[in-house]
Structures are given as C-alpha cells and as structure tokens.
Amino acid sequence: SWTPIVVFWQIPLAESSKHLTTFITPYGRYCFNKLPFGISSAPEYFQRCMMEILAGQEGVLCHIDDIIIFGKNKKEHDDRLHAALKKIQAAGVTLNGEKCEFNKSQLLFLGHIVNQEGISADPSKTSAILKMKQPTTLTELRRFMGMVNQLGKFTPHLSELAQPLRELLSTKNVWIWGAPQEKAFQDIKDELVKPAILAIYHPDAPTKISSDASAFGLGAVLLQYSGDTWRPVAYASRFMSETEQRYSQIEKEALGIVWACDKFKDYWCVLGKHISLETDHKPLVPLLGKTSLANLPPRILRFRLRLSRFQYDISHVPGKLLYTADTLSRAPVTHVLKEREEVEMESFVQAIISFLPANDTKLQEYRQGQVEDDIYSQIIQWYQSEWPDRGSVSSVIQPYWTVRTELSYINGLLLFRNRIVIPKSLQRMTLQKIHQGHQGISKCYERVLTAVWWPGVFKDLEAFVRTCPQCCQTTPLTSEPLLSTCRPLSLKGSVYLVAVDYFSRFIEVKQMAFTTATKVITALKSIFSRYGIPEVLMSDNGPQFACSEMKDFATQYQFTHVTSSPLYPQSNGLAERSVRTVKALLKDAEDPYLALLAYRATPLPWCHFSPAELLMGRKIRTDVPQTNNQFRPEWPFLDQFERAEEKHKRKQKENFDKRKKARPLSPLERGTPVWVNLQNRQVPGTVTESADTPRSYHVDIPLGP
C-alpha cells in the first residue's frame, strides 16, 4: 500500500488558473503554483491522473492517493509491484516513504482490514465504543441509553439486552450496579460494533459527521445515508489535553468538529466531496460558516482555516438528537492530540498576539486592569466555564453576551476577535493614545478597528474627538444646513432702520436720528400700523433689541421676538442682504426714493411677482409707462407662488449646503466645553443651557481682557 506525498501539490497549475487561487497574508498576496486543497474538482482530477498513470496494470487498485497492489503469490506480487513503480517513477510522482508498506499479508485500506480471508471492519472504528467505561451515575446511564435508543433501530436485540440497565432508570429502584447490569453493558457494546449496526462505507452515499465536546473529551460519529435512514460508519472519541480543557466551550466544540474531520479524512468522501457537519452549539454555525475571517477570534480562525480544505455545510442540531456524539465525548478513550498539532495551534495564537499594537508592559497593564474590573472578571469566569442564559445576565453585561462567540481569553488577556478588550479604568487613557496627533474621527476609527474594543467604543471615540479642546480650537467652523425661512419681519438697526417682509421681500426704510430702544420701538409701531403686526420678528443682538423694553413691546403687541447669534450676522441672512440692497440704493441712486420704488415694483426672478404685488395684491405705479389695466387689484396666484417659493428656497438650501459642505451637528449638552469666537480671538467657554432660538446656546465665558 502506498500514499503519494502531499497529494495534490504534485500537479502544476496552468498560468491562467494560478491567479484564481490568490490568498492574502500580512506580508502580501500570494497564489499557488501547484494544485491546492479546497478546489472542488481537485479529487476527481487527481483520481483521473492516477488512473491514467496506472492504466493497464493488473492487480492494482487506486483510490485518490491510496494505492494497493496484490498477487496470488510473492512472485506475482513483486512483478506487479516493480511494473507499477516504474510507471509512477516515469510520471514523476513522489511517494511518502513513511506511509508505504511492502509485502504485507494484512493491510488497512480505505477504513477496512484487507487480508487473505477477505474484508473486515477496522477495530479503530469501534474502539470508542468497546473501550467505553461503565456508567457510575444516573446521568451517565441516561446518556448511554440515549445512544442505545438512537442505534436500536438497526438491530432487534438491543431492547432485550438493555432491560437490566433500564430498570436502574426507574425512580422506584435503588442504584446497584451488579452482574446483570455489567453483562448487559458489555453485550450492548459488542452488539453496537457488529456489521448489522455499522454500515459499509460507500464513496457516493450522502455523508455527515456529528461531533460534540464535553468538559474533558471529544466524541464523533461518521454517518452515511443508507436506505431511508442514517447509519454509523465509524465512531471516535478522545480526551482533551490540559491546554484544550482550558478552551471556552465554543472553542471546544470547534475543536471537536476539526478533529472529527481530520479523524475521518481517510474516507475520501470527507476530504474530496461535500459533507454535512452537525453541532449542538448554535453560535458556532455562523463562525464556521459565513462569518468573515477578519471577524473571528484567534483559535476559531485557526480551526476555520484547517477546515478550508473540506467542502462542507454546517447546521445546528439540538443536543437531545446528538446522543451518540454526546455520549462518546463524555466517555472518551485514552488518546490525546498529537503534540505537533497542539504546538501548531498555540504558535498560531501566539503569532496573532505578537501583532497586537502593544508591548509586553502595556499588555500586562491591560491584563491587570481586566482582573481588577468586576465585570471583566465575571466574563472571564463565564468564558472558562459556560455563559448563562441571556435573561439571567445584568443589563451591564448584555452587550458582552451579544458578542460572546467573538470573545476569547488567551495568555490571560480577554480579546474581542483580535482586539484587546479595554477595562473601564483604562478606556479614557486609551482614547487619548488613539487621538495622539489629533487626527480626525475617520482615522481614529481605523486605529480602533485594529487595536481595541469595548461596548460603545466608536460612540465614545466620536464624543472624545469632538470635545478635544485643541481640535475644537483649531478646526474650521462647520456650517450646518440652511434653515428654511418663515414670514416674520426682519430688522437691522443702523443709521437707517431696515425692515423686510419674508413673504413678499418688501423693504421698508426709516431714517433714525437716534437708535435707542425707545426710538426703534416707535419706528416699528409706525411700520406695524401700516402693514400689521407680524407673528415673528427677527433681529440682531444689538442693545436696542436685546433689552427689557423690547421684551415688553413684544408682549404688548403679541409677537415672538427672535434674535440672531451674537457676532454671526449670517444667521439673519435676508435682513443682511436687504441692508446691502438699501445701501446700494441710497449710495448710487440720484433719487433714492425712486430707486426704492423701482425695487418694490420689480418682479422677483424666481416667481415673476413683485414685492408690491405679493404684499398689496396689485402692481404699483412708477415712472415707467404702463397701461392702466395693469394697476387693477388682482391677487397673484398663491398656489403658483408658493410652489415657486418652495423651489427657490430648496435650491438656495442645496447650493448653500453644497458650497459650505454643511452637515447636521449633534446638539451640545450642558457642561460641554466650547470655544467662542469673540472679537477676532477664541475664548474658552462652557455650555450652560439651550437658548430659545434654533441652534443657539447660553455659554459661560470667563471675564477679563
């Protein structure tokens, strides 16, 4: 019996196919030059190549990488052996000397013992059953009987054999393990490994593997669909090493699946064709299924990579339906994982730990912080044993329960995927280090994604960056989206008092000898007497407007008074634009009154109605000749105007938001530190409360020069 060394890697890939095998590593992108594992067509292609090489050879059977040569006597055997070796040598195939056996009267081939008497079952397939220790508690007996009931449909004798054991399950009887029970236990084990129970492996039959893990052992069964039911082909179980027993439960379950696939890989339906995997640990299904490799904890990632050579799907099956695998995992035979594979796993994990962006001193600080944190200590304890149900977990730990399958505990360090879980006491210090250099939120996000985690880390990071004193002082002001206007009068106090109606854009100008509050209020009363009292009056924060007299005036005349932000006239934009218009009229026109009349009579370009038409319902007479019927009172089509006005405002808003790259800003909370632009210098302040006007706050700033 021979086995070619590294099987598929002896077949070169075509140049056009190499790029299809590209994979990413921390050191760059690489592709295979030889046929790798994991290609769905690889087993069939390799089988065809071997059949072409050995075509015409008598006494030679080949199944993928297992070759057997037989003869009636030694001479015939040796002749066939030399002929086959010459063909293999000519084809350039390398054989694995450690797996070659010559001149044997008995061989293990494709999971069966082949000798001169015929074909028999491989003892290793049944050792997990034969070496099972007797139950010592009622719980262990129930598990064993569950497996018996599951396999009992393949033989009519199990129910009779199990009667002495079934009597112990009754609450009326006392637990006494006597000779009848011992005999029944041994007879049942002998019955379970008979050919009537074990199915003969068939390469084309649907195949699945059920595996389970207990606190100290692994169990698995290989099943194939025969007739109208699933029948066992082979059993396996083993103890876990001390290192493996410290794994979390989800890691133990993943280890059980990977070990079972490796254990049964000699059945080429496992390695070369599609198989189904069953587990009673539901959170494991997405981790070994569709979850991105970048989002896997280190050990789960290694298990997933080891499974990549298999074509499989994985599904969840309730534990009560996995009697056989569950029972085997709780009664494993004395066999521990090979030291090489255990060292490989730990080396892989250590390699990931070494890439963490922290030195040994800092890692030790995080370890100590996690141990001293009550929440993290509890999480570590649950990780090493078993997580409770969600309903029994406090609200503080709920965010961790949600991602429990992505947590791992390696080298005394709690990790989320491959990121360090930061305890509460070290979170602010960590944010300070991430924000060193005062980079923006997006770049700090990228640093977090590769380094640290705790529930709400991105929200905390954003708040930290937005409230950073140095960043707030040096970052340019961000414009917010333009607010739509309503229909109050807007005022501007100067040598002339300018008022503009938001609805019609009709401007009133009144020359002021004095700009005291009393004089301004008198002028406003005069305007209101002609056009009516507005619902809302918007003005700047001049002393004549921000005073008690103006407040009493607003109360008496029953209108709402809104002021713009101090030192930020853009917030009263229409009034500011009207001021510029009036300045131009007063400065450049020979007769400013005719110029003002012309403005009021000129149609607005976006709606084709003049301010006078919108305010009075008629056109006004100017020095420009017009027919008399144009002065007939006629209210503009309001529906048409409102649609045009809405479109105009929307376009203004879009242009402003685009030009200023405006975006909504989060409301400021009480106590938030801010910088205030005051007379061409920045002054630190603290938000005390929200103001009545939109996007405005009362800020406490220190007194002094």
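## The four-stranded sheet

Let's start with an open sheet of 4 strands, ordered β13-β14-β15-β16, in which the pairing is mixed. The edge positions go to β13 (407-410) and β16 (452-453); each has a single partner strand, so one side of each has no neighbour in the sheet. This is a predicted model, so read what follows as a description of a prediction.

Inside that order, β14 (residues 413-416) and β15 (residues 419-421) pair in the antiparallel sense, over 2 bridges. If you want a residue to click on, try L415: its bridge partner in β15 is I420.

## A helix across the strands

Helix α16 (residues 360-372) connects this sheet to the next part of the picture. Where does α16 lie? It lies across β14 and β15, and runs at about 95 degrees to β14. That value falls in the 65 to 115 range that counts as roughly perpendicular.

α16 also packs with helix α19 (residues 424-434), at an angle of about 150 degrees and with the axes 11 Å apart. Because angles over 145 degrees count as roughly antiparallel, α16 is roughly antiparallel to α19. On the α16 side the contact uses K362, E365 and Y366, which meet L426, M429, T430 and K433 of α19. By class, the residues of this contact come out as 3 nonpolar, 1 polar and 3 charged.

## Helices α10 and α13

Now for another helix pair. Helix α10 (residues 249-263) packs with helix α13 (residues 298-307) at an angle of about 20 degrees, and their axes are 10 Å apart. The cut-off for roughly parallel is under 35 degrees, and α10 and α13 are therefore roughly parallel to each other. Their crossing is left-handed.

Which residues make the contact? From α10 there are I250, E251, A254, L255, I257, V258, C261 and D262, while α13 brings R299, I300, F303, R306 and L307. The class split for α10 with α13 is 9 nonpolar and 4 charged residues, with no polar ones.

## Parallel strands β8, β11 and β12

Strand β11 (residues 274-279) runs parallel to strand β8 (residues 207-213), and 3 bridges join them. One residue pair to look at is S210 with E278, its bridge partner in β11.

β11 also runs parallel to strand β12 (residues 311-316), this time joined by 6 bridges. Here S276 has D313 of β12 as its bridge partner.

## The three-stranded sheet

Further along the chain there is an open sheet of 3 strands, in the order β22-β23-β24, with antiparallel pairing. β22 (673-678) and β24 stand at the edges with a single partner strand each, so each has one side left without a neighbour in the sheet. From one strand to the next, the twist averages 55 degrees.

Strand β23 (residues 681-690) and β24 run antiparallel and are joined by 4 bridges. Among the residues involved is V687, whose bridge partner in β24 is V699.

## P702, just past the sheet

P702 sits in the segment after β24 (697-700). Is P702 buried or exposed? Exposed: its relative accessible area is 52%, where the cut-off for exposed is over 50%.

P702 still has contacts: leaving out residues up to four places away in sequence, it touches V683 and P684. With V683, the C-alpha to C-alpha separation is 8.1 Å, across 19 residues of sequence.

How values were computed:
Residues numbered from 1 in each chain as written. Predicted model: local features only at pLDDT ≥ 70, side-chain atom pairs only at ≥ 80, totals over all residues. Heavy atoms only, no water. Axes fitted to C-alpha atoms, helices over the stretch in contact; angles between N-to-C directions. Left-handed = near helix turned anticlockwise from the far one by under 90°. Contact = heavy atoms within 4.5 Å. Nonpolar A, V, L, I, M, F, W, Y, C, P; charged D, E, K, R; others polar. Buried < 20%, exposed > 50% of the residue type's maximum accessible area, 1.4 Å probe, protein only. Pairing = 2+ DSSP bridges.
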